[in-house]
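Here is a set of questions about how the descriptive terms for one protein model are justified. Each answer sets a value against the rule behind the term.

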Amino acid sequence: MKLLLAPLGLATRTLGPGLRTIALAQNAMSRGHSIAICAPADNNMPPLAGVTHYGAPMPSPLGLPLTLGRRLIPVMGQLGILHKMEVRSFEEVLHLTGALRTNFFERDIEHIRSAIRDFKPDIVYSEFRLPALVAAHLEGIPAVASHSYPTQASYAKNPEFSRRVRERLVKWKLPEIDSILNVFEWAEHRFIASSKELEPISGDCIHHVGPLVYFHKFVEHHTDRSNVVGYMGNSQITPKLLVKNVGTALKDSHLPVFLSAKGMTSASHDHIHVADHFDFTKLLPNGLAYINHGGQNSIMMGLIHAVPQIICPGEIFERRYNAESIVKVGAGVRISPEAFRPDILLRLITRFQNDPSYAANAETVGRWLSNLGGAGRVIDILEEHYD
């Protein structure tokens with residue numbers, strides 16, 4: 001089987017699309033399949049040995065010059081400007097990142113079409129990259145896609161942001177749609193990196209496969225639940241605020257605290273450790289609490305390691321959905337940016353210490369997820385239908 005992978009390109013640093021693509025590529029290659037990747041050349045999608053790489057344009061936030069666009073989101077995060085932003089749908093995400101600018105959308109499609117013509121894949125895999133589905137449709141090649149409950153048009157959409165792109169699709173004699181998110185429905189199969197309990201999408205072409213990255217089986221939790229781990233990514237809670245408020249909350253607790261705070265100086269003071277990056281797979285097996293922003297990779301990592309979560313999603317539609325899913329299964333709590341205070345954080349962490357049900361619920365869901373197969377299950381399904 002020849003598989004062309006097309007991950008979503010973003011000017012800012014983000015782990016999700018690249019890591020999921022790497023997991024799929026490595027699993028497919030281990031079974032003898034031929035893999036190519038069409039993606040912008042950046043640190044989100046590094047070159048892989050044994051994989052053919054095709055270039056692609058990089059969207060720039062709000063259409064700014066790329067040198068400025070790369071800096072915009074991190075600077076807004078450092079300054080706390082993101083605290084005031086509301087992002088209502090994936091359609092708005094694509095608009096803000098520059099991916100719905102007509103010239104960019106067309107160029108991205110043409111790069112993917114060029115890769116299809118050269119590589120001649122049996123199947124195109126869109127990792128949340130809508131131009132890949134359009135390109136495959138135009139080239140008459142089967143296509144599949146990563147998808148999720150909150151990125152459905154039926155969940156949240158802002159069609160005003162995609163009007164010009166949709167008009168261009170009609171000129172190409174493609175199906176008329178009322179939101180660019182409806183393009184996901186063109187995929188012959190859609191893969192949900194979660195479970196039915198967390199993301200209840202149904203349909204013959206829908207496959208819940210659990211997280212694609214990090215995990216091959218459920219991680220048995222150690223008996224010593226003491227580590228408090230914090231990571232807020234590009235969110236309303238700045239790295240400085242994360243370090244200040246969590247550090248203040250736990251300064252007298254003697255609990256080991258590990259705070260991943262991009263741009264902050266690495267430091268350790270007694271039991272509190274700050275660094276640009278930690279290997280969470282080594283810290284979370286002893287986790288008492290995982291403080292995060294509700295990103296998909298973050299909540300999955302917490303569940304697989306059976307760690308109760310304190311989630312502060314702010315006004316980002318997908319993160320709000322993820323946080324509510326964690327609350328519904330009893331594996332954590334959601335707080336607002338205004339409630340990200342030392343006294344509240346300490347109270348919630350103390351609750352996790354005294355109430356074992358949070359960890360037990362996280363363990364139950366983590367075991368569900370680990371049995372779904374991840375990237376290996378995706379390749380199983382592709383082999384069943386296209387090999």
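Contact here means heavy atoms within 4.5 Å, and the model to which this rule is applied is a predicted one.

Q: Which residues is Asp108 in contact with, leaving aside its neighbours within four places in sequence?
A: Asp108, which lies in helix 4, is in contact with Ala56, Pro57, Arg129 and Pro131 once those neighbours are left aside. Ser195, by comparison, is 87 residues from Asp108 in sequence and 31 Å from Asp108 in space, C-alpha to C-alpha.

Q: Why does Asp108 count as buried?
A: The term buried is used under 20% relative accessible area, and Asp108 has a relative accessibility of 3%, so Asp108 counts as buried.

Q: What makes Phe90 and Phe128 an aromatic pair, and why is the pair called edge-to-face?
A: Rings pair if their centres lie within 6.5 Å, and planes over 60 degrees apart count as edge-to-face. The rings of Phe90 and Phe128 are 6.1 Å apart, centre to centre, with 70° between the planes, so both conditions are met. Phe90 lies in helix 3 and Phe128 in the loop between strand 4 (123-127) and helix 5, so this pair ties together parts that are 38 residues apart in sequence.

Q: How do you know whether Phe90 and Phe128 are buried or exposed?
A: The relative accessibility of Phe90 is 8% and the relative accessible area of Phe128 is 12%; buried means under 20%, so both residues count as buried.

Q: What makes Phe128 and Phe184 an edge-to-face pair?
A: Their ring centres are 6.0 Å apart and their planes are at 80°, which satisfies the limits of 6.5 Å for pairing and over 60 degrees for edge-to-face. This pair links distant parts of the chain, 56 residues apart, with Phe128 in the loop between strand 4 and helix 5 and Phe184 in the loop between helix 6 and strand 6 (190-192). Phe184 counts as buried because its relative accessibility is 0%, and Phe90, Phe128 and Phe184 form one aromatic cluster.

Q: What places Lys2 over the face of Phe119?
A: A charge sits over a ring if NZ of Lys is within 6 Å of the ring centre and within 35 degrees of the ring normal; Lys2 lies over the face of Phe119, at 4.5 Å from the ring centre, which is within the distance limit.

Q: How do you know that the span of helix 11 agrees with its number of residues?
A: The expected span is 1.5 Å times one less than the number of residues, so the 13 residues of helix 11 (residues 342-354) should span 18 Å, and the end C-alpha atoms are indeed 18 Å apart.

Q: Why are the buried residues of helix 11 said to be on the same side?
A: The buried residues of helix 11 are Ile344, Leu345, Leu348, Ile349 and Phe352. They cover an arc of only 130° around the axis, which puts them on the same side of the helix. Arg347 and Asn354 are exposed on the other side of helix 11, while the buried residues pack against several elements, including strand 8 (227-231), helix 7 (239-250) and helix 12 (357-370).

How values were computed. Residues are numbered from 1 along each chain as its sequence is written. This is a predicted model: local features need pLDDT of at least 70, side-chain atom pairs count only at pLDDT 80 or more; totals for chains, interfaces and linings use all residues. Side-chain values use heavy atoms; hydrogens and water are left out. Rings of Phe, Tyr and Trp (its six-membered ring) pair if their centres lie within 6.5 Å; planes under 30 degrees apart count as stacked, over 60 as edge-to-face and the rest as tilted. Helices (H or I, at least four residues) and strands (E, at least two) are DSSP runs, numbered from the N terminus. Buried means under 20% relative accessible area, exposed over 50%, partly exposed in between (1.4 Å probe, protein chains only). The arc is that of the directions from the helix axis to the C-beta atoms.
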